[in-house]
Amino acid sequence: MVDAAASEAALPSPARRSSALRRFFRHRLAAIGMFVIAVLAIGAAGAPWLAPHDPDEIDISLRYAPPLTPGHILGSDDLGRDVLTRLLYAGQVSLSVGAAAMLVTVIVGFAVGASAAYHGGWINVVLMRLTDVMLCFPSVFLLLFVAAFVTPSLASIALMIGLTCWMEIARIVYAQILVLKSSDFIAAARMVGAPSWRIIVRQILPNTLAPIFVAATLNMANAILLESYISYLGYGIQPPAASWGNMLTNAQSDFQVDPMLAILPGLAITLAVTSFNLIGDGLRDALDPRMRERAAGAPP
Amino acid sequence: MLRFLLNRLLQSVVLLLGVSVIGFALMHLAPGGPMALYTLNPTVTAQDIERVKVLFGLDQPVYVQYLKWAGGMFTGNWGYSFFGGQQVREIVLDRLPATLELMGTSLLLALVIGVAIGVVSAVRHNSIVDYVSAVAAMIALSLPTFWFGLLAIYLFAQTLHWLPAGGTASTSGGDLFDRLRHLVLPVAVLSFVLVAQWSRYTRSSLLDILGQDYIRTARAKGLRPSRVLLNHALRAALAPLTTLAGLQLPLLVGGALVTETVFSWPGMGLLFVNALGMRDYPVLMAILMVGAFVVVLGNLLADVVVALVDPRVKLEHG
């Protein structure tokens with residue numbers, strides 16, 4: 001039965017974990033995603049050493065330099081600032097906003113979803129109604145609305161994105177646990193007298209981990225996208241600090257003057273977000289025990 | 001069943017109340033509040049501020065303001081714009097058809113294409129088709145919509161001159177063909193993301209089901225693969241997909257906002273962003289409420305459908 005396989009997966013042995021790791025890396029696309037993220041992260045973290053210029057160094061005599069200009073490999077922007085340098089520093093901002101927002105999302109989402117589904121009763125009603133209410137707001141509307149009033153900083157933007165995006169994870173966790181709760185192996189655990197915290201941690205958490213991991217990586221991707229959009233509109237990271245989103249603020253006119261200036265930051269966003277999505281997909285294939293069964297036995 | 005429906009309907013009303021409370025609270029807790037435009041402007045005197053406050057009823061206690069506003073919301077009195085003093089209802093409802101036109105066309109197109117791609121890549125799991133569609137879907141999902149829209153405008157409108165860059169119709173004429181030409185780019189951009197999401201969801205949901213023991217049993221019994229897929233798997237995959245359709249509505253509305261701002265599509269999204277810059281809070285609130293109303297209706301529909309098709313979900317009557 002599925003239940004047997006699932007509860008077996010709930011006890012991770014070193015061998016099982018390493019085989020999940022192997023499967024993850026065998027997933028070529030996920031490995032590519034990991035590689036791209038590693039490159040972007042190293043570029044962002046190492047910006048002070050890797051960047052050829054200062055990110056705010058203005059050179060009016062060299063406005064809109066095309067790519068491959070000596071000293072400016074990727075050209076310069078409307079103020080003559082080095083594009084490569086700004087892309088690297090923008091990576092710091094965009095990636096850390098994404099990571100922080102994702103953490104907030106996962107923590108709040110799991111806490112809400114798990115306590116609502118497991119305890120039931122009025123806790124369930126209050127928490128899931130709150131989730132429902134929050135879900136009614138399209139997150140872009142809600143985010144823009146709040147962002148327009150809050151003084152933007154890296155932390156406030158991450159918090160705002162996290163607090164407007166946790167509902168999906170809460171719902172996934174909630175639905176997953178609702179189905180798990182009525183399954184036989186949970187009933188068995190309760191029957192032998194396991195306390196509820198133990199059932200949550202040992203039986204339920206491992207069985208919801210796969211969808212949480214997948215949702216978390218997707219949320220990271222989504223957070224980067226949201227940050228780029230509100231920064232593009234001018235309500236996010238404020239210039240002169242660079243983020244991939246606010247480098248696109250003048251994209252519409254940049255396309256006429258210097259298309260590369262509008263294309264490169266967008267490519268950086270797309271690369272980062274694609275990679276996180278690829279990693280999420282790889283994680284899913286590696287972590288889901290039922291998928292493993294399929295890979296071993298049943299024909300495709 | 002009737003009891004369940006009535007129950008859910010009541011819950012939806014409660015939801016809308018919750019939405020209005022949160023929205024209203026947000027507006028008033030924000031620094032500067034609804035008066036930000038005036039209080040942050042140094043040329044406006046204290047007397048002027050007091051006058052404007054009385055004019056808009058902002059001098060009364062918060063709960064009175066809320067009750068007045070919520071009552072107005074239900075009776076169709078959405079207040080007046082801070083700019084020009086026009087009726088908010090007129091401003092917002094003027095923009096609704098354009099948004100619905102964009103959203104409806106995109107959703108329909110995306111549903112058909114997305115589910116089809118999802119089923120094929122789940123059935124041909126790990127094949128070339130699966131990989132290509134997965135990569136294509138993920139790139140589509142990863143493109144910043146606004147940037148993708150700008151790119152499309154640059155390519156198809158400004159460089160190739162095939163399609164108009166924005167708006168719903170040319171200023172000179174507005175025949176059907178002209179309107180359709182204006183619809184192509186925004187719909188393509190908006191549904192591109194939706195197709196990606198639907199194909200991903202369909203694939204993963206169907207894959208989950210296809211790994212179950214009862215599917216193996218059905219196969220072992222010697223049922224035709226097409227029958228296993230359609231009668232056993234796809235039907236079971238429908239439940240989570242329906243929930244996701246409900247969940248996706250806010251994304252659709254949000255995506256429409258982004259698409260509208262890029263293509264100057266005169267819908268509610270463009271209106272929202274314009275109103276945001278001017279802190280025109282009656283307009284912002286009205287759009288938030290209309291958006292939430294659309295989402296509440298969608299979620300209600302999704303829950304009912306899930307309850308109908310998935311016997312594992314217990315119908316708990318609060």
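**Exercise 1. Place Ser12(B) among its contacts, its helix and its surroundings.**

Step 1. Set aside the neighbours within four places in sequence; Ser12(B) is then in contact with Val296(B) and Leu300(B). Two residues are in contact if their C-beta atoms, placed from the backbone, lie within 7 Å.

This is a predicted model, in which local features need pLDDT of at least 70, side-chain atom pairs count only at pLDDT 80 or more, and totals for chains, interfaces and linings use all residues. Residues are numbered from 1 along each chain as its sequence is written, while chains are lettered from A and ligands numbered from 1 in the order in which they are written.

Step 2. Find the helix. Ser12(B) sits in helix H1 of chain B, residues 2–29. Helices (H or I, at least four residues) and strands (E, at least two) are DSSP runs, numbered from the N terminus.

Step 3. Judge the exposure. Ser12(B) is partly exposed, because 18 other C-beta atoms lie within 10 Å. The cut-offs: buried means 20 or more other C-beta atoms within 10 Å of the residue's own, exposed means 12 or fewer, and partly exposed is in between, with C-beta atoms placed from the backbone.

Step 4. Look along the chain. Gly291(B) is 279 residues apart from Ser12(B), and their C-alpha atoms are separated by 14 Å.

**Exercise 2. Describe each chain by its elements and its buried share.**

Step 1. Count the elements. Chain A has 14 helices and zero strands. Chain B has 12 helices and zero strands.

Step 2. Take the buried share. In chain A, 50% of the 300 residues are buried. In chain B, the share is 42% of 318 residues.

Step 3. Check the contacts between residues at least 6 apart in sequence. In chain A, 73% of them join residues at least 24 apart. In chain B, the figure is 70% for residues 24 or more positions apart.

**Exercise 3. Work out which residues chains A and B bring to their contact.**

Step 1. Count both sides. Chain B gives 45 residues and chain A gives 48.

Step 2. Name the helices. Among those of chain B that each supply at least two residues are H1, H10 (225–263) and H12 (281–309).

Step 3. Sort the side of chain B that touches chain A. It holds 31 nonpolar, 10 polar and four charged residues. Here Ala, Val, Leu, Ile, Met, Phe, Trp, Tyr, Cys and Pro count as nonpolar, Asp, Glu, Lys and Arg as charged, and the others, Gly among them, as polar.

**Exercise 4. Compare two helix pairs of chain A by their axes.**

Step 1. Take H11 (residues 196–233) and H13 (residues 259–287) of chain A. Their axes come within 8 Å and cross at roughly 175 degrees. Axes are lines fitted to C-alpha atoms, for helices over the stretch in contact, and angles run from 0 to 180 degrees between N-to-C directions.

Step 2. Classify the pair. H11(A) and H13(A) are therefore roughly antiparallel. Angles under 35 degrees count as roughly parallel, over 145 as roughly antiparallel, 65 to 115 as roughly perpendicular and the rest as oblique.

Step 3. Sort the contact of H11(A) with H13(A): 16 nonpolar residues, four polar and one charged.

Step 4. Turn to H6 (residues 121–136) and H9 (residues 167–181) of chain A. Their axes come within 9 Å and cross at roughly 140 degrees. H6(A) and H9(A) are therefore oblique to each other.

Step 5. List the residues. Met128(A), Thr131(A), Met134(A) and Leu135(A) of H6(A) meet Met167(A), Ala170(A), Arg171(A) and Tyr174(A) of H9(A).
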